[in-house]
Amino acid sequence: MCGIVAYIGRRQATPILLEGLKRLEYRGYDSAGIAILNEGLHVLRTIGRVQVLEELVEKAGGLAGTIGMAHTRWATHGTVTDRNAHPHMDDARLGHGIVIIHNGIIENYSALKQYLIEKGHAFCSETDTEVLAHLIGELYHGDLETAVQSALREVTGAYAIAVMCKEEPDTLVVARKGSPLMVGVGNGEYVVASDASAIVSHTTQAFTLADYTVAKLTRNSFRTTTIDNIPTTAEIRELEFDLAQIELGDFDHFMLKEIFEQPRALRTCLQGRVDVRSSNIVLGGIGDHARTLANVKRIVMIGQGTALHACMVGSYLMEELAKVVTDYDFASEFRYRNPIVDFGTAVIAVSQSGETADTLAALQEAKQRGALSLGVVNVVGSSISRETDAGVYLRVGPEIGVASTKAFLGQVMVMAMLSVYIGRRRYLSTDFVSGFLRELEAIPTKIERVLESSALIKTATARYIDRENWLFLGRGVNYPVALEGALKLKEISYIHAEGMPAAEMKHGPIALIDKGMPVVFVATKNSQYEKVLSNIEEVRARGGAVIAVATEGDDHVRTLADDVFYVPDVPELLQPLVTVVPLQLLAYHAAVMRGKDVDKPRNLAKSVTVE
């Protein structure tokens with residue numbers, strides 16, 4: 001959940017490291033630190049954002065040197081203090097000058113710490129990371145690579161680490177298990193980072209470390225091995241995006257940029273995959289398993305947060321279009337409740353980053369039980385994409401804002417294509433598929449029409465901005481949209497919001513409704529439209545303020561609601577692709593009006609890579 005960047009080469013490391021930290025800050029922003037090797041080890045750490053660290057570096061007169069590492073933290077073990085900030089060092093009495101940055105959790109740190117205390121080590125922080133630094137120091141006998149390999153053989157848990165040693169000023173050692181880490185390969189230099197956003201401005205060539213892999217980097221060469229010192233081969237590939245995609249451009253926040261990128265992102269997601277003329281979906285990533293999927297008996301979709309909401313929409317799509325029994329589950333619960341995975345079960349893991357720890361662990365459990373495993377992820381080469389039997393990439397481009405927007409729409413769009421892909425091989429006629437694909441291709445243009453309402457949504461949001469409790473209600477395929485709308489509002493504006501099926505309101509939550517309480521209804525024209533109107537009447541009777549997301553041309557709902565956000569008419573199963581957009585904009589405008597940091601909400605980070 002933290003951001004790691006390290007550099008070895010011929011250029012000055014500090015500017016590269018600070019720039020990389022700024023690009024990685026969405027991964028964690030409790031504290032930050034930097035270490036440079038140059039005739040000794042120079043370390044600066046501070047609580048707060050990367051900007052605070054940058055000011056600290058300036059006050060120190062800059063840090064010269066061509067090898068170094070930096071870190072931005074999302075706290076797990078230990079409170080947010082200077083001494084818990086990374087980098088961490090080994091015991092000074094050993095004199096090795098070993099320094100480490102770490103993303104992940106060392107699960108057996110307590111036992112290791114006790115062992116090291118008995119060996120005479122004195123600790124300065126509350127973190128599990130410092131334990132690993134001391135362990136490497138304890139095992140160091142003149143070869144940093146060997147010491148790291150030896151230490152990692154004793155570790156249980158997840159890690160992505162970079163390690164330097166004062167005694168080996170021309171060597172950088174990095175390793176990974178369970179937490180993402182990649183190495184950018186330049187001309188006489190290497191840039192190591194948690195993801196490509198910190199690398200792409202320096203090189204477009206990179207390789208991703210596999211689990212239990214250690215890489216030793218010098219200025220002129222690198223080698224990769226397992227933690228047992230067995231040589232491996234790194235696959236260098238071209239990065240999937242360029243620098244312009246991770247720049248703000250003319251937008252005030254990444255979240256707003258990514259909301260407005262959604263039409264283009266979905267066109268890219270659809271490109272080359274939808275063939276209306278032949279009534280065909282082309283998903284090359286799962287082609288080898290087409291026959292198995294056509295005969296699948298049950299599908300389980302797993303995810304966390306926004307990805308789980310996409311799974312919920314996907315279950316409606318899959319059951320309606322492919323006629324396959326489809327369940328969805330919290331990935332964090334799936335592996336701990338002895339799940340039933342029968343013969344003919346396929347498990348679909350959904351994750352923007354492809355690194356979500358709970359989802360990855362649940363996927364591995366499903367595979368062990370014999371399930372066909374599919375991945376729906378955005379990041380090429382991510383852990384889930386490598387772990388699955390097959391899968392489909394979102395292709396929506398990098399998502400920097402912590403609150404997911406375009407990735408959610410990409411996940412739903414992929415679910416729609418996957419459902420048609422399977423359904424066409426089972427029950428769907430060519431005429432139905434052809435018409436459905438035309439509707440899919442029209443979605444990006446219809447989202448553009450919704451985005452034109454941003455100013456209207458902003459004005460309406462202002463009327464309710466001081467209210468601290470909201471309800472979001474929907475039925476059928478729009479129930480997950482209500483959940484997603486509530487999640488967006490609470491995660492970036494810190495307003496308490498709950499999403500639920502509209503019918504559930506009468507079974508308890510209606511007691512919360514008082515005069516002026518905002519209640520957001522997804523009230524589009526569909527099979528449950530009249531039921532939703534009845535629920536609106538019940539809220540009005542109790543003085544609640546009704547905000548409705550409704551279908552264009554529906555004048556009746558305007559007589560019932562205080563504010564209406566209109567969306568274009570689309571088939572019921574595809575409505576989440578348009579109905580969620582006004583709720584994204586509502587949440588964004590609410591957070592800005594309340595003076596919150598939209599792209600870096602408190603206590604949250606973009607990719608949850610630890611359990």
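Why is helix 19 largely enclosed by the rest of the structure? Of the 18 residues in helix 19, 16 are buried, so the helix is largely enclosed by what surrounds it. The model discussed here is a predicted one.

Helix 19 runs over residues 576–593. The distance from its first C-alpha to its last is 26 Å, close to the 26 Å expected for 18 residues at 1.5 Å a residue. After the helix comes Gly 595, with a positive phi near 75°.

Helix 9, residues 306–322, can be read in the same terms. Its 17 residues should span 24 Å at 1.5 Å a residue, and the end C-alpha atoms are 23 Å apart, which agrees. Helix 9 is mostly covered, with 14 of its 17 residues buried.

Helix 9 also has a partner. Two packed helices are described by the angle between their axes and the distance between those axes. For helix 9 and helix 16 (residues 479–493), the axes come within 9 Å and cross at roughly 170°. Angles over 145 degrees count as roughly antiparallel, and helix 9 and helix 16 are therefore roughly antiparallel to each other. On the helix 9 side, the residues that meet helix 16 are Thr 306, His 309, Met 312, Val 313 and Tyr 316. On the helix 16 side they are Tyr 479, Pro 480, Leu 483, Glu 484, Leu 487 and Lys 488. Sorted by class, this contact has 7 nonpolar, 2 polar and 2 charged residues.

The chain leaves helix 9 through Lys 323, which follows the helix. Lys 323 lies in the loop between helix 9 and strand 19. Its phi is near 55°, a positive value in a residue other than glycine. How buried or exposed is Lys 323? Its relative accessible area is 45%, so Lys 323 counts as partly exposed.

Beyond that loop is strand 19, residues 325–330, which contains Asp 329. Asp 329 has a relative accessible area of 10% and is therefore buried. Leaving out residues up to four places away in sequence, Asp 329 touches Met 301, Ile 302, Gly 303, Leu 308, Phe 334 and Arg 337. Met 301 is 28 residues from Asp 329 along the chain, and the C-alpha atoms of the two are separated by 6.4 Å. With Arg 337 there is a polar contact, side chain to side chain, at 2.4 Å. Leu 308, another of the residues touched by Asp 329, falls within the 306–322 range of helix 9.

A second buried strand residue is found further along the chain. Thr 551 is in strand 26, which covers residues 545–551. Its relative accessibility is 4%, so Thr 551 counts as buried. Apart from neighbours within four places in sequence, its contacts are Thr 524, Lys 525, Tyr 566, Val 567 and Asp 569. Asp 569 is 18 residues from Thr 551 in sequence, with 5.6 Å between their C-alpha atoms. What does the side chain of Thr 551 offer to Lys 525? A polar atom of that side chain lies 2.8 Å from the backbone nitrogen of Lys 525.

The remaining sites are in loops. His 202 sits in the loop between strand 10 (190–193) and strand 11 (205–208). Its side chain makes a polar contact of 3.2 Å with the side chain of Arg 11. Another polar contact, of 3.4 Å, joins the side chains of His 202 and Ser 201. Setting aside neighbours within four places in sequence, His 202 is in contact with Arg 11, Ile 16, Glu 19 and Val 191. Arg 11 therefore appears both in that contact list and as a polar partner of His 202, given that contact means heavy atoms within 4.5 Å.

Tyr 212 is in the loop between strand 11 and strand 12 (213–217). The phi of Tyr 212 is near 60°, positive in a residue other than glycine. With a relative accessible area of 42%, Tyr 212 is partly exposed.

One peptide bond also calls for mention. The bond from His 86 to Pro 87 is cis, with omega near 0°. Pro 87 is placed in the loop between strand 4 (67–73) and strand 5 (88–89).

Conventions
Residues numbered from 1 in each chain as written. Predicted model: local features only at pLDDT ≥ 70, side-chain atom pairs only at ≥ 80, totals over all residues. Heavy atoms only, no water. Helix = DSSP H or I, 4+ residues; strand = E, 2+ residues; numbered from the N terminus. Expected span 1.5 Å × (residues − 1). Buried < 20%, exposed > 50% of the residue type's maximum accessible area, 1.4 Å probe, protein only. Polar contact = N/O pair within 3.5 Å; in protein donor to acceptor, adjacent residues only side chain to side chain. Axes fitted to C-alpha atoms, helices over the stretch in contact; angles between N-to-C directions. Parallel < 35°, antiparallel > 145°, perpendicular 65-115°, else oblique. Nonpolar A, V, L, I, M, F, W, Y, C, P; charged D, E, K, R; others polar.
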